[in-house]
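Here are my notes for you, written to be read with the structure open beside them. Take the points one at a time and find each residue as you go.

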Amino acid sequence: MYKVLNRINDPQDLKQLNNEELNILCAEIRDFLIEKVTKSGGHLASNLGIVELTVALHLVYNMPKDKLVWDVGHQSYVHKILTGRKEKFDTLRKYKGLSGFPKTSESEYDSFNTGHSSTSVSAALGMARARDLLNDDYNVAAVFGDGAMTGGMIYEALNDVGHNKTSIVYILNDNEMSISKNVGALSKYLRNLRHKKSYHHSKEVIEHTLEKVPVVGESIKHGLKHIKNTIKLSVIPSTFFDDLGIEYLGPVDGHNIVDLTSVLTLAKDMKKPVIVHVITQKGRGYKPAESNPQNFHGIPGAEAKKEVKAKYKDYSGCAGETLVKLADKNERIVAITAAMTSGVGLIDFYKKYPKRFFDVGIAEQHAVTFAAGLAISGVVPVFAVYSSFLQRSYDQILHDVCLQNLHVVFLVDRAGVVGADGETHHGVHDISFLSDMPGMTILSPSSFSQLERMIDYAINEHKGPIAVRYPRGNSEYIGKEDCIGDEMEIINPDGNNVIITSGRMVNTAVKSAVMLKKDGINIKIVKLNKIYPVPKALYEHVKDAQSIITLEDNTISGGMGMIIGAELEQRGVHTKFKICAFPDEPIIHGSIRELDKHYGLDAEGIAKEIKELKNA
Ligand SMILES: Cc1ncc(C[n+]2csc(CCOP(=O)(O)OP(=O)(O)O)c2C)c(N)n1
């Protein structure tokens with residue numbers, strides 16, 4: 001079926017193809033992606049848009065000797081297909097299968113791990129400077145999107161890049177989209193560059209003047225060097241990048257392999273900091289994704305689509321809808337997202353209250369300090385953000401929000417393990433870092449109605465910084481409605497062995513209690529609605545227990561178990577005690593159920609722990 005693709009086992013094979021075969025290859029890669037990713041789930045639209053660019057990069061560079069860093073890394077599927085991993089593609093994002101992001105442990109062709117946005121410019125610069133220090137001779141390049149350019153790290157890095165002559169090539173893959181339409185002044189600036197009249201002129205220049213350059217060639221001919229000026233001058237006299245000391249080439253049609261290989265060869269040969277501005281179309285070649293790239297940024301796998309519908313699709317939907325209802329009654333409420341409007345359930349809020357809605361770009365640090373500014377001026381900012389991306393804002397939460405005790409509400413979505421996206425995306429540190437913040441309160445619902453109530457409380461009753469953490473998906477334990485008056489709930493108060501838990505893990509605790517009952521072990525479950533500060537009454541409930549287990553979807557270090565264990569110690573409660581949490585190591589990918597089992601945090605695992613602890 002895949003006439004040309006079947007012949008590609010590593011990037012060297014690409015170099016045997018003529019232009020016609022390269023174009024067939026690109027079409028086949030698109031078919032392959034559509035076939036596989038619609039089944040497995042994953043990042044479809046970005047990969048469809050970057051097919052020709054990835055092929056051109058592998059034609060021009062000599063990987064793995066040369067190093068290529070993918071920003072975010074969600075667009076590295078084509079690279080994986082071309083670097084010997086297409087046979088394993090059915091395992092993409094599955095338990096023990098291929099990662100959805102670059103992994104140095106997975107392939108020598110992956111030169112740097114990514115997952116969070118806007119890191120590539122810094123990482124590649126470090127690699128290039130290390131090469132020079134160690135007198136090596138490989139090339140370094142990085143690919144980042146226009147969405148990534150809304151992240152502040154990029155500017156810290158560009159500032160550093162531009163002031164010396166390190167040989168490095170940056171490829172700006174500009175498709176005008178982040179997950180949704182890209183935002184901000186920089187995106188307007190890029191739009192202006194894209195639409196300069198000279199774009200077609202530039203393309204002509206490239207085609208007519210460089211057509212003699214072999215697609216894969218000996219090193220670029222000496223006389224060709226002056227053409228870079230022709231290209232640049234024909235396009236834009238000076239750009240933001242030039243002014244920073246980084247040579248700008250482009251814009252270039254990102255779906256034309258001849259243009260791409262010509263310009264990339266030129267850029268590589270310039271041996272200085274260069275940025276190549278490549279124009280691509282997100283979702284290219286697949287009509288549904290072309291017309292709605294946002295919905296095809298990340299798609300669920302075939303199995304996930306069959307999930308049963310609960311009251312809300314998921315916790316994000318519940319949070320978004322609740323926020324709209326509260327905003328109807330309280331006009332001081334504003335919502336903030338860092339480029340995740342749809343992911344965190346804020347589309348309806350944005351539609352209904354566009355003036356009270358702020359998409360700040362992939363800028364979690366800015367989002368938090370911006371929220372602090374709003375809060376100190378009498379507005380109630382609600383920042384809805386994935387737990388793992390909030391990690392970026394540690395100092396802003398501490399320095400700008402908590403030290404001033406400002407009323408900022410954090411809706412911490414995707415708290416706990418998130419499944420297929422894996423180690424960079426699991427939200428298993430938020431209890432640790434948020435409980436480290438002076439004056440922070442952390443709430444944890446186990447049902448949609450509890451989430452509704454907690455958001456209302458956080459906005460309308462609480463004063464000061466507060467976070468509500470909730471998991472990905474729709475796993476519900478139907479707890480008490482009055483989750484605020486009762487900071488905790490006791491399930492089966494007569495039990496003499498205790499599980500202290502919260503959030504989605506309450507389900508697991510209940511299941512293991514049912515299992516243990518059959519063995520005559522009676523479990524009391526303490527469900528914390530407020531995780532931090534830990535309710536003082538907790539200690540009264542557990543001080544006479546025969547054994548205590550804490551169960552949470554955070555890592556061990558700094559988590560709920562450690563906080564409770566330290567307090568028990570201080571109070572002189574010396575009962576048998578065990579923390580059940582994710583280990584302090586990168587957490588692998590797979591479904592949430594598989595991960596719980598893998599780490600012994602499913603009902604069977606917890607039942608086993610309790611038996612062992614009792615008998616210890
Ligand atoms: C710090 C951080 N925040 C949010 C995200 C979620 N995210 C993944 S891809 C993406 C959009 C990236 O846009 P762009 O860089 O233009 O790449 P494209 O998908 O358009 O190719 C976002 C917001 C992330 N990966 N990292």
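The points below go from the domains to single residues and then to charged pairs.

1. Before anything else, keep in mind that this is a predicted model. The domain assignment cuts the protein chain into three pieces: domain 1 covers 5-296, domain 2 covers 315-469 and domain 3 covers 489-615.

2. Start with the place where domain 1 meets domain 3. Seven residues on the domain 1 side are in contact with five on the domain 3 side. Together the two domains bury about 430 Å² between them, and 61% of that is on carbon and sulfur atoms. Look for Arg 93, Tyr 95 and Lys 96 in domain 1: they lose the most area to domain 3, together 81% of what that side buries.

3. What holds charges across this interface? If you go looking for salt bridges between domain 1 and domain 3, the rule finds zero. Polar contacts are another story, with four residue pairs found across the interface, both residues at pLDDT 80 or more. Sorted by class, the side of domain 1 that touches domain 3 has three charged, two polar and two nonpolar residues.

4. Now pick out Arg 85, which sits in helix α5, residues 77-85. Is Arg 85 buried or exposed? Its relative accessibility is 3%, so Arg 85 counts as buried, the cut-off being under 20%. Leaving aside residues up to four places away in sequence, Arg 85 touches His 79, Lys 80, Leu 98, Glu 106, Ser 107, Tyr 109 and Asp 110.

5. Gly 250 is another one to find, this time in strand β4, residues 247-253. Gly 250 counts as buried because its relative accessibility is 2%. Try hopping from there to Leu 172: Gly 250 and Leu 172 are 78 residues apart in sequence, yet 9.8 Å apart in space from C-alpha to C-alpha.

6. Ser 178 lies in the loop between β3 (168-174) and α8 (185-194). With a relative accessible area of 11%, Ser 178 is buried. Its contacts, again without residues up to four places away in sequence, are Gly 147, Lys 282, His 297, Ala 339 and Ile 362. Gly 145 is 33 residues from Ser 178 in sequence and 7.7 Å away in space, C-alpha to C-alpha.

7. On to charged pairs. Side chains of opposite charge can pair when their charged atoms come close. How many salt bridges does the structure hold? The count is 34. One of them joins the side chains of Glu 21 and Arg 7, at 3.3 Å from N to O. Glu 21 is in helix α2 (residues 19-40) and Arg 7 in the segment before α1 (11-14), so this pair ties together parts that are 14 residues apart in sequence. Arg 7 is partly exposed, at 44% relative accessibility.

8. Compare the two partners in the next salt bridge, Glu 87 with Lys 86, at 3.7 Å from N to O. Glu 87 is exposed, with a relative accessible area of 65%, whereas Lys 86 is buried, at 8%.

9. Last, look at Arg 453 and Glu 461, whose side chains meet in a salt bridge of 3.2 Å, N to O. Both ends get a similar label: Arg 453 counts as partly exposed at 25%, and Glu 461 is partly exposed at 43%. Elsewhere, salt bridges with shared partners link Asp 430, Arg 469, Arg 504, Asp 553 and Asp 596 into one network.

Terms used: Residues are numbered from 1 along each chain as its sequence is written. This is a predicted model: local features need pLDDT of at least 70, side-chain atom pairs count only at pLDDT 80 or more; totals for chains, interfaces and linings use all residues. Side-chain values use heavy atoms; hydrogens and water are left out. Domain bounds come from an automatic or database domain assignment. Contact means heavy atoms within 4.5 Å. Buried area is the accessible area (1.4 Å probe) that two parts lose on being put together, summed over both. A salt bridge is a side-chain nitrogen of Lys or Arg within 4 Å of a carboxyl oxygen of Asp or Glu. A polar contact is a pair of N or O atoms within 3.5 Å; within protein, one must be able to donate a hydrogen and the other to accept it, and residues adjacent in sequence count only if both atoms are side-chain atoms. Ala, Val, Leu, Ile, Met, Phe, Trp, Tyr, Cys and Pro count as nonpolar, Asp, Glu, Lys and Arg as charged, and the others, Gly among them, as polar. Helices (H or I, at least four residues) and strands (E, at least two) are DSSP runs, numbered from the N terminus. Buried means under 20% relative accessible area, exposed over 50%, partly exposed in between (1.4 Å probe, protein chains only).
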